[in-house]
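Work through the exercises below with the sequence and the structure at hand. Try each task before reading its solution.

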Amino acid sequence: MIEPLRIAFDVECSPDHAFETWTSKATAWWPAEHTMSHERGARIVFEPRVGGRIFERTADGHEMEWGEIVEWDPPRRLRYLWHIATEPENATDVSIDFHLAPRGTRIEIEHGGWERLGEIGQVWRDANQAGWDGVLPSYTEAARTRGA
Amino acid sequence: MKAKKKIGDPLEALGNPYRREIVQLLSARPRSVQEIADHLPISRPAVSRHLSVLGRAGLVSDEQVGTRRLYRLERRYLTRVWSDVATRFKLFAENTTRRTR
């Protein structure tokens, strides 16, 4: 197994609000440059159930699938197969845990399943690891600055 | 019909065995086209073409160092995606919640 990438950060709101924001408000906050169409105004939909699709619908009605929900446990945990950059059969796994924390919610994201990409998986994962290690300190810093 | 991403797709770029070898060579240190070509059974122009695909996908960047152009691994693609996603999510969630303090 190839070690997943992990990221964790705190958000000052309840787990209920965090889960709801992630799954039903993504259109409002998901960065347009990381959608498939790169279009502002594209709708992003998480169908709220196991087996539900995650997809993007552009203003002209074109739908592009991002993945499929495999765990739906509001407001604690969400897991989905993710194929925004691959074919569906090579989907990677994303799990997001929403934990009650002293100042709100601690969000833990794990992105794994790299072995499904075959030979590419290890190279791809390694190519991202070094930058990834730097993510957490910058969040801690941002959270501290905002909280001050 | 399935829509493709407009810019180079990093995983698609890694679908070629020479490009995977190039990424592995660059993971040790930055190298010139000639140095990469020395390790592979393909020509310098072929190496350049592969580097250009990797560059469009955001996996490799280059810079002029003295008389040489060096190619290096851009280790930040997924990091950029997830940190942008987390930052935007955090701002939006915090701005739309009722403060309890």
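**Exercise 1. Elements of chain A**

Chain A has four helices and seven strands. The model is predicted.

Task: State in which order the elements of chain A follow one another, and what share of its residues is buried.

Solution. Step 1: Reading from the N terminus, the order is β-α-α-β-β-β-β-β-β-α-α. Step 2: Chain A has 148 residues, and 30% of them count as buried. Step 3: Among the contacts in chain A with a separation of 6 or more, 37% are between residues 24 or more positions apart.

**Exercise 2. Strand pairing**

Task: Find the sense in which S1(A) and S7(A) pair, and name residues that stand opposite each other.

Solution. Step 1: Strand S1 of chain A covers residues 5-11, and strand S7 of chain A covers residues 104-112. Step 2: The two strands pair in the antiparallel sense, over seven bridges. Step 3: Leu5(A) stands opposite His111(A), and Ile7(A) stands opposite Ile109(A). Step 4: S1(A) has a covered face made of Leu5(A), Ile7(A), Phe9(A) and Val11(A), while Arg6(A), Ala8(A) and Asp10(A) make up the uncovered one.

Task: Do the same for S6(A) with S5(A) and with S7(A).

Solution. Step 1: S6(A), residues 92-101, pairs with S5(A) in the antiparallel sense over six bridges. Arg79(A) stands opposite Ser95(A) there. Step 2: S6(A) also pairs with S7(A), again antiparallel, over nine bridges. In this pairing Ser95(A) has Glu110(A) as its bridge partner, and Ile96(A) stands opposite Ile109(A). Step 3: S6(A) and S7(A) form a hairpin, with two residues between them.

**Exercise 3. Backbone details in two loops**

Task: Locate the cis peptide bond between Pro74(A) and Pro75(A), and give its omega.

Solution. Step 1: The bond joining Pro74(A) and Pro75(A) is cis, with omega about 0°. Step 2: Pro75(A) belongs to the loop between strand S4 (63-73) and strand S5 (77-82) of chain A.

Task: Decide whether His38(A) is buried, partly exposed or exposed.

Solution. Step 1: His38(A) has 14 other C-beta atoms within 10 Å. Step 2: A residue counts as buried at 20 or more such atoms and as exposed at 12 or fewer. Step 3: The count of 14 lies in between, so His38(A) is partly exposed. Step 4: His38(A) is in the loop between helix H2 (26-29) and strand S2 (43-46) of chain A. Its phi is positive, about 60°, although His38(A) is not a glycine.

**Exercise 4. A helix of chain B**

Task: Check the length of H5(B), and explain why its buried residues are on the same side.

Solution. Step 1: Helix H5 of chain B has 19 residues, 77-95. At 1.5 Å a residue, H5(B) should span 27 Å. Step 2: The end C-alpha atoms are 27 Å apart, which agrees. Step 3: The buried residues of H5(B) are Leu78(B), Trp82(B), Ser83(B), Phe89(B), Lys90(B) and Ala93(B). Step 4: These residues cover an arc of only 135° around the axis, so they are on the same side of H5(B). Step 5: In general, an α-helix has 3.6 residues a turn, so residues three or four places apart point the same way.

**Exercise 5. Contacts and cores**

Task: Describe the side of chain A that touches chain B.

Solution. Step 1: 35 residues of chain A are in contact with 33 residues of chain B. Step 2: S1, helix H1 (15-24), H2 and helix H3 (119-133) of chain A each give two or more residues to this side. Step 3: The largest share, 10 residues, comes from H3(A). Step 4: By type, the residues of this side divide into 23 nonpolar, eight polar and four charged.

Task: Which residues of the largest nonpolar core touch the most other members?

Solution. Step 1: The core has 23 residues, and those touching the most other members are Val11(A), Ala18(A), Trp22(A), Ile96(A) and Ile107(A). Step 2: S1, H1, S5 and S6 of chain A, together with H5 of chain B, each supply at least two residues of this core. Step 3: Apart from it lies another core, of 19 residues, including Leu11(B), Ile22(B), Leu54(B) and Ala57(B).

How values were computed: Residues numbered from 1 in each chain as written. Chains lettered and ligands numbered in written order. Predicted model: local features only at pLDDT ≥ 70, side-chain atom pairs only at ≥ 80, totals over all residues. Expected span 1.5 Å × (residues − 1). Arc of directions from axis to C-beta. Pairing = 2+ DSSP bridges. Contact = placed C-beta atoms within 7 Å. Nonpolar A, V, L, I, M, F, W, Y, C, P; charged D, E, K, R; others polar. Core = buried A, V, L, I, M, F, W, Y, C linked by C-beta atoms within 7 Å.
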